[in-house]
Amino acid sequence: MPLKAENISKTFIRNGKNTNSFYAVEETDLLLENGTVTAVVGRSGSGKTTLLNMLSGLLTPTSGKVFYDGEDVYSFDDDVRSKLRNKSVGVIPQGQTGLKSLTVYENVLLPAEMYGSVSEEIKERADELLKAVGIGSLKDEYPNELSGGELRRMAIARALVNKPSFVLADEPTGDLDDENTLAVLKLLRSVADQGAAVLIVTHEKDTLTFADKVYKMDAGKLSEVKKEE
Amino acid sequence: MKFIFALARKNLIKKPYRTLAMILLAALAAFTVFAGSIVVLSLNNGLKSYGERLGADVMVVPSEARTSGSFDDILLQGITGNYYITEAQLNRALSGVEGIEKVSTQFYLASVTASCCSSKLQIIGFDPETDFTVQPWIRERYSESLGDGDIIVGADITLNSSMTLQFYNVKCKIVARLDKTGTGLDTAVYTTIETIRQMAENAVILEHLTEGYDVSTSVSAAMIKVADGFDAQSVAGKINGRKGVKATTAQSYVSGVASGLNNVAGAIGAMVAVVWLLAAALIVVSFVMVCNERMKEFAVLRAMGASSSMNAKLLLTEIFAVTAIGAVTGVIFSAIVTFPLTSLIKSALSLPYLLPSFWAIALTVLGAIAATLVAGAVSALFAVARLNRSDAGLMLREDA
C-alpha cells in the first residue's frame with residue numbers, strides 16, 4: 001500500500017517589512033510505491049525538506065492531502081497521526097539528531113519504546129541495524145562521543161527499527177564518506193526491496209543509481225526526471 | 001507514561017549541572033517560603049500566647065521598674081529584674097481609684113544560677129488567694145493548690161530526675177511544667193508569694209539583694225482587673241497620677257508588641273514574596289531557556305512518532321520532578337536552619353516567638369512545597385506554550 005500525496009502545497013508567511021506569503025512547495029502529486037526508492041533532488045532551499053515533512057505528517061499542508069495506505073493522514077488528530085507515524089513511517093531528519101541523554105542503542109530503540117515494550121526481536125533488529133550501518137561496536141556510547149557520520153548512521157538505524165512501511169530520508173548520506181554512503185544506500189535499497197516505499201531527499205548524485213524514480217525540486221516545483229538525464 | 005518517566009529520568013540524570021541548578025532554584029523558593037512562613041506564624045502565635053498570658057487589664061509596677069529590669073523585659077525577653085514597692089505604698093497609690101474590681105500582687109526575684117539553666121531565672125511569686133492572672137493557665141497543667149516550696153516551671157527549664165530546684169537555699173519541688181509561650185515566661189519559675197519571700201529573705205542575707213527592702217511587706221507588681229463599665233486606659237491614667245508607681249494597660253502592651261510584630265511580619269512577608277517571585281521568575285526563565293535549547297530534541301521525538309501531548313508530558317514530568325525535589329530539599333534545609341535557631345531569631349526580633357503546632361508546621365511544609373510547585377507549574381505553562389508554538393518540521397532543518 002503506497003504513500004500518496006494529492007495536490008499538496010505549502011505556503012509560508014514571510015514576516016518582514018512587507019508581509020507576504022510564498023510557496024515553499026507548489027501544488028503537487030506524488031506517489032511512493034512499495035518496493036521502490038524515490039529520489040528528490042534539488043538545491044538547498046528548493047522545498048525538498050518541506051515536502052518530506054508534509055509527507056511524514058509533521059507539517060500540515062496548506063492544501064491537498066496525504067494518504068498512508070489510503071488513509072488521509074491529516075484527517076486524524078495529532079495523537080493518532082503521531083502514532084501512525086511511529087508505526088508506519090521511518091523519518092531520517094537532516095543533521096545531528098541523537099538524543100544526548102541516551103546511548104546509541106537506546107536512541108535506536110526509542111521509536112519502539114514510545115508506544116509499547118521492546119521485544120527481544122526488536123532488540124535483535126536494533127543490533128543488526130547498528131551492525132549494518134557499521135556502528136555495532138558503538139552501541140553503548142553517547143551521541144557526543146560519535147562523529148557526524150556515525151550519528152547519521154545511528155539516525156538511519158533508528159528510523160528503520162520499527163520496520164516502517166515508508167522511509168523518508170532527508171540527506172541520509174550528508175556526512176558520510178564514500179564507503180559509508182554506499183553502505184547506507186544499499187541498506188535503504190534493501191529496505192525497499194523488502195517492501196517499503198523509500199523517499200530520499202538529496203543533492204548527491206550517487207543516490208540516483210539506487211533510485212527507481214527521480215524527481216527534481218526547483219523553487220517549490222516538483223517534476224519527474226528521466227533517469228538517463 | 002512509563003516511557004515518559006524513563007526518558008525524563010535519563011534526561012535529568014544525564015544533565016546533572018542543569019538539573020542541579022534547577023533544583024537549587026526550586027529549593028531557594030521553598031526555603032524562603034517555609035522559613036518566612038514559620039517566622040511569621042511563630043510571631044503571631046507568640047503574640048496570641050502573650051495576650052492570653054497577661055490576664056490583667058492594668059499592670060502597676062514601681063516607677064524604678066521602668067529602668068531596672070522592666071516589666072516587658074521580664075515578660076518578653078526573660079531578662080531578670082528585682083524591683084519592689086511596699087504594700088502600703090501600693091495600697092495608697094491604688095486607694096480611691098474607681099473601676100478596680102480585683103487586685104493581686106506579685107513578687108519578682110532574679111535567681112542566681114541554677115542547676116537547670118545556664119543563665120539567671122525570673123522567679124515570680126503570686127498570691128494564690130487573690131491571683132486571677134497566673135493560676136487560670138497554670139491549672140491547664142496543675143490543678144491542685146501550690147504548697148509551701150512547690151514551684152511550677154516554664155517550658156524552657158530542664159527538669160532533673162529529682163524534680164527539685166534550689167533557690168537561695170530554699171529547696172523547691174517542681175510540681176509541673178507549663179506549655180511553651182514563646183515569651184520570657186518560658187524561663188520563669190512560679191511559686192507562692194510565701195515561698196518567694198523566704199527566698200528573698202535569704203537573698204538579702206546572702207547579699208544578692210540590696211538591704212533596705214523589707215521583703216515581708218514588699219511586692220513587685222499589682223495586677224488589676226478593671227470593673228465592667230470602666231476603661232482600663234482611664235484607670236491606668238488615674239494610677240499614673242499617683243507617686244511612686246507606673247501603670248500600663250495590657251492592651252497597650254499587646255498593641256505595642258502587635259505593632260512591632262506587624263512591622264517585622266510585614267517586612268518578612270515582603271521579603272518572602274520578593275524572593276519567591278524572583279525564584280519563580282528565574283525558574284520560569286530557566287525552564288523556557290532550557291526548552292528553547294531543546295527544541296530540536298523535541299522535534300526529533302516528534303519525527304519518531306511522539307505527539308505534541310507526549311512531548312508536553314515529558315517536559316512537565318521533568319519540571320515537576322525538579323521542582324518537587326527542589327521543594328522538598330528546600331523545606332528540609334529550611335527546617336534544619338529555622339528550628340535550631342528559634343532562640344536566636346526570638347532574641348534578634350525581641351518579640352514573642354512561639355513555634356506553631358505540629359499540624360500547623362505540617363501545613364506550612366505542604367504550603368511551601370505547593371508554592372514551589374506553583375512556580376514550576378507556571379514555568380511549565382510557558383515552556384509548553386513555547387513548545388506548542390514551535391514547528392517540528394522547521395526545527396528539524398539542519399540550520400534550525
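How far apart do the C-alpha centres of domain 1 of chain B and domain 2 of chain B lie? In this predicted model, the two centres are 48 Å apart. Domain 1 of chain B comprises 2-48 + 258-395, and domain 2 covers 53-257, according to the domain assignment.

**Gln135(B)**

Helix 5 of chain B spans residues 135-138 and contains Gln135(B). Gln135(B) has a relative accessibility of 13%, and because the cut-off for buried is under 20%, Gln135(B) counts as buried. A polar atom of the Gln135(B) side chain lies 3.1 Å from the backbone oxygen of Pro128(B). When neighbours within four places in sequence are left aside, the contacts of Gln135(B) are Phe126(B) and Pro128(B). Pro128(B) is thus named both as a contact of Gln135(B) and as the owner of the backbone oxygen at 3.1 Å.

**The nonpolar patch**

Val328(B), Ile332(B), Phe333(B), Ile336(B), Val337(B), Leu341(B) and Leu344(B) make a nonpolar surface patch of about 620 Å². Helix 10 of chain B (residues 308-338) gives the largest share of this patch, 5 residues. Another member of the patch is Leu341(B), which sits in the loop between helix 10 and helix 11 (342-349) of chain B. With a relative accessible area of 35%, Leu341(B) is partly exposed, because that class lies between the 20% and 50% cut-offs.

The two residues described above are set side by side here.

| Residue | Relative accessible area | Class |
|---|---|---|
| Gln135(B) | 13% | buried |
| Leu341(B) | 35% | partly exposed |

Key
Residues numbered from 1 in each chain as written. Chains lettered and ligands numbered in written order. Predicted model: local features only at pLDDT ≥ 70, side-chain atom pairs only at ≥ 80, totals over all residues. Heavy atoms only, no water. Helix = DSSP H or I, 4+ residues; strand = E, 2+ residues; numbered from the N terminus. Buried < 20%, exposed > 50% of the residue type's maximum accessible area, 1.4 Å probe, protein only. Polar contact = N/O pair within 3.5 Å; in protein donor to acceptor, adjacent residues only side chain to side chain. Contact = heavy atoms within 4.5 Å. Domains from an automatic or database assignment. Patch = residues over 30% accessible without salt bridge, like charges linked within 9 Å, V, L, I, M, F, W, Y side chains within 5 Å. Areas by Shrake-Rupley, 256 points an atom, 1.4 Å probe, with all protein chains shown as cover. Salt bridge = Lys/Arg side-chain N within 4 Å of Asp/Glu carboxyl O.
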